[in-house]
Structure formats: structure tokens, C-alpha cells
Amino acid sequence: QLRSRLAARLPGYMIPALIHRLDDLPVTPSGKLDRQAILATLKTATALHTRGGSTTTPESEPIGETDEKILALWRRLLDQPMLQVDDNFFDAGGHSLLALRMLGQVEREFGRMLRVAALLGAPTVREFSRLLRDDEPADHVGCAVTIQTGGPAAPLFFVSGYGGEIVMFRDLARELGQAQPLVVLDTTAFTAEEIAGLTLPDIATRMIIDMRRIQPHGPYHLSGFSLGGKYVYEMARQLRTAGESVALLALLDCDAPGYPPRRPMPQRIAMHLRRMLGQGLEANGRYVRDRLRWLASRFRQRDLFENARELAETDVAQAMSATAEAMLALWEAHEDPGSYDGDLLVIRARRPFRPSVIDDDPQLGWSSLVSGTISVRDHDADHMSMLRPEHVRDLADILLEFLGTPPGGPVGAASDPKQPATTASPVASPGSRLASAS
């Protein structure tokens, strides 16, 4: 009960993995808190929990050999010796890179390569072990991954940026409130080999097929971050062509084709020189640091995959990286994105000064392609941190404004007042690149 109440207010990584009750807090003879006594108590509790206690839980029968191996692996990776078979991997401190390391070791031990989406659908030792024992694991079915089932309202379908990161959507789901279903269309469900020979509209069509298994008809609520926005835009076009209603199309820091235009090289050099000559030494130091931070952010996402590959030493990270490159290549080969006859929400990240481009359009270049109303909202985060835990509260507020959903409350009507609220089919269980790539 305590963990549930904390989970309603805190990110998953801040939920205590160990809760141990003391009748009194130990104090020293001088009346101060005796921290060493507390640590000794916790070590004793840990020993009691782990010595022969890993094979049973209070409410279940003894577990099997697979469960024992997975439990030992998770305890080691998460540094949680008291972890039990029904504890949640992410609530115990797990994150994306730890998930990749774990899946890599599972691949070596059991000969099975699973997506991160499988862990989201089976986040406990008991559930994950059951998935390993299945001949046909659910993670091979489609690309739709349910992050939060929510209430009877229409789900928000989300496509992430370059790389297909999906674990971070747990934080967004929490901030959207328990009433709002959230489903991620996982780009890592498509292998690089599958993508070869396809086009961006082909992938968008396959995403729509999986989405409609959850919600057969509109109005649909769609959102995409950076590179994912390119695919969501095409999905919305196809749905409108098919006669379906799109109540929300939200693009997060996703530039239209050709935007922003680069300035000619002489202009870029002159702008740098004028700025630096017109300010003092201290201001120039800050300017150079800001530029270096921006350049570093352009490679942060790729570095994540390099680190993941090094940490996991497995095919799963390399497969994710290959898929990310293939998805980007499809966008680069997509010559005509076409026009869209509906409304658009542009959520624009706070951007550092980029003198090399003409970044003067709050609509990020979409006005020439979109005939409906374009709403713009600024998000106080940079491109790479829009979906990080410290910024998802503000992002959720923006999305809820257009979803008509008060945080934690019942979901209202779609953003179009002419469209009634939709009761979607129950959400089933889960079966950016860089700023320049936008």
C-alpha cells in the first residue's frame, strides 16, 4: 500500500526497493540518530530474507529452476539482494540500460533474444520466467505495447524518436493520470531485415494495423517525438484518407521536411564573429560552452546505443541500433510527405541558439503542409530531455490540455468539440535520432 501511494507521486526509480519496519529509531547515548545501528538492522533483515527465502513468497508455491536463475540475475544487476519473485524490475531501480544488460545475459543463458517490450509486459521474475518458458512469447506479436491500460477513454498512441526508447514512457503514463490509456508503437518490433525494401508509408500502415487491434475506429489520438513524428504524421494522413477521425495529432520537436534551412557558410561565420566581438570574454566563454553542449547533445542518442552495446555485449542492442538506422533511412528516402487536412499540435522544445540555421518559425515549417489549425506549445526542455522524468510533468500538462483530461481524473471529450468522446475497446496487455534528424 505504501509503495502504491508513493508510485502515484514519485518516478519509479525513487520508490524504495526495501521497506523495513522499526518500532523505534535507534539513537546514540547522546540522543542522536544511530545510523550504524540502522544499517546493522537492515543487513540482518537482508540476510534473513535471502538465506533460503528466495524460493517462496508468502502468497505462492515454491518457484522453479528458471525463476531461481532469473531472480539471482535480477538481484545481482539491480543490487537488490532482497528482491522477490513478484517485485517489479523497474520499481526496484531498473532502467533501459540495465534492461538491455539483463536481456543480453538471458540470451546467453537461455538462447532467447527478447525485446525490451517483453520486460514491460512481464516486469516480475515470476511473469518473465513464465514468458521464457512459453514456446511463443507475446513479445513477437505486433508493435503495440501497452504502457498503461487506464479507463474507458481512447488511448494515446505514441511513437518515440530515433532508437525506439520505450521504458521512459512509464513516467509519462504516471503524469497523464491513471484514467488515460497510453500505448507505445514500438519501432524495435521491426527488424532491419524486415524494413529492407519497405517504405515509410509501409511501416505506418503496419503500425495502424496493430493500433486498430486495440482501437478499431477513431477518433484517434496520436503523438510522435522527433523521428517518430514523421511516422505518426503519415499514419494520420492514411487514417484521414480512410475516412477515420484524428482528434489529436501531436508532434514533439519534429521539424517539417526542409526545416530549418541552413544559412550559407559565409553568413554563419560572420554571425559567429559578430556575436563574439560584441560581447565580453566571460559571455564568449558561456557562448562557446553552450555551443559545445549543443554539439554534444547531437551525439548523445548514438552514444546511448554504443554504451548499450558495450554493456550488453549481445545481439539485442545491436538489433535495436540497426533498426534505428533503418527507420531513419526510410525517412531520408521519403521524398514527398504529402499534405494533411486536419489540425496539428506542435510541442516545441526550448532550443539553444543555432546561428547555422534560420530557426524563426514556431510551427517548425509545417504550415505549408497542414491545412487545419496549427497550435504551438513550448516545452521547457531541450530536444534530448523532453521525455525524461524531470520534464514529463510539463509535457503531460500540454497533452492533457488537448486530450481534455484532468490529471488523474476522467477523460473528457476529444479536442474537437464536434467530435464526441470515444469509448475504446479495452486496451490489451502488451504482447530522435538527433535534433538534426528531424
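Three exercises on helix packing, nonpolar cores and one helix follow, each with a worked solution.

The model is predicted: local features need pLDDT of at least 70, side-chain atom pairs count only at pLDDT 80 or more, and totals for chains, interfaces and linings use all residues. Residues are numbered from 1 along each chain as its sequence is written, and side-chain values use heavy atoms, with hydrogens and water left out.

**Exercise 1.** Classify the packing of helix 9 and helix 10.

Solution. Helix 9 covers residues 200–214 and helix 10 residues 227–241; their axes lie 9 Å apart at an angle of about 70°. Angles of 65 to 115 degrees count as roughly perpendicular, so this pair is roughly perpendicular. Contact (heavy atoms within 4.5 Å) involves residues including Ile 203, Met 207 and Met 211 of helix 9, and Tyr 231, Met 235 and Leu 239 of helix 10. By class, the contact has 10 nonpolar, two polar and two charged residues.

**Exercise 2.** Describe the largest nonpolar core.

Solution. A nonpolar core is a set of buried Ala, Val, Leu, Ile, Met, Phe, Trp, Tyr and Cys residues joined through side-chain atoms within 4.5 Å; buried means under 20% relative accessible area (1.4 Å probe, protein chains only). The largest has 62 residues, and Phe 169 is one of those touching the most other members. Helix 14 (residues 392–403) contributes the most, eight residues. A second, separate core of 45 residues includes Phe 157 and Ile 208.

**Exercise 3.** Compare the span of helix 13 with the expected one.

Solution. Helix 13 (residues 315–332) has 18 residues. The expected span is 1.5 Å times one less than the number of residues. From first C-alpha to last, helix 13 reaches 26 Å, close to the 26 Å expected. Its buried residues include Met 320, Met 327 and Trp 331.

Definitions and conventions:
Axes are lines fitted to C-alpha atoms, for helices over the stretch in contact, and angles run from 0 to 180 degrees between N-to-C directions. Helices (H or I, at least four residues) and strands (E, at least two) are DSSP runs, numbered from the N terminus. Angles under 35 degrees count as roughly parallel, over 145 as roughly antiparallel, 65 to 115 as roughly perpendicular and the rest as oblique. Ala, Val, Leu, Ile, Met, Phe, Trp, Tyr, Cys and Pro count as nonpolar, Asp, Glu, Lys and Arg as charged, and the others, Gly among them, as polar. Buried means under 20% relative accessible area, exposed over 50%, partly exposed in between (1.4 Å probe, protein chains only).
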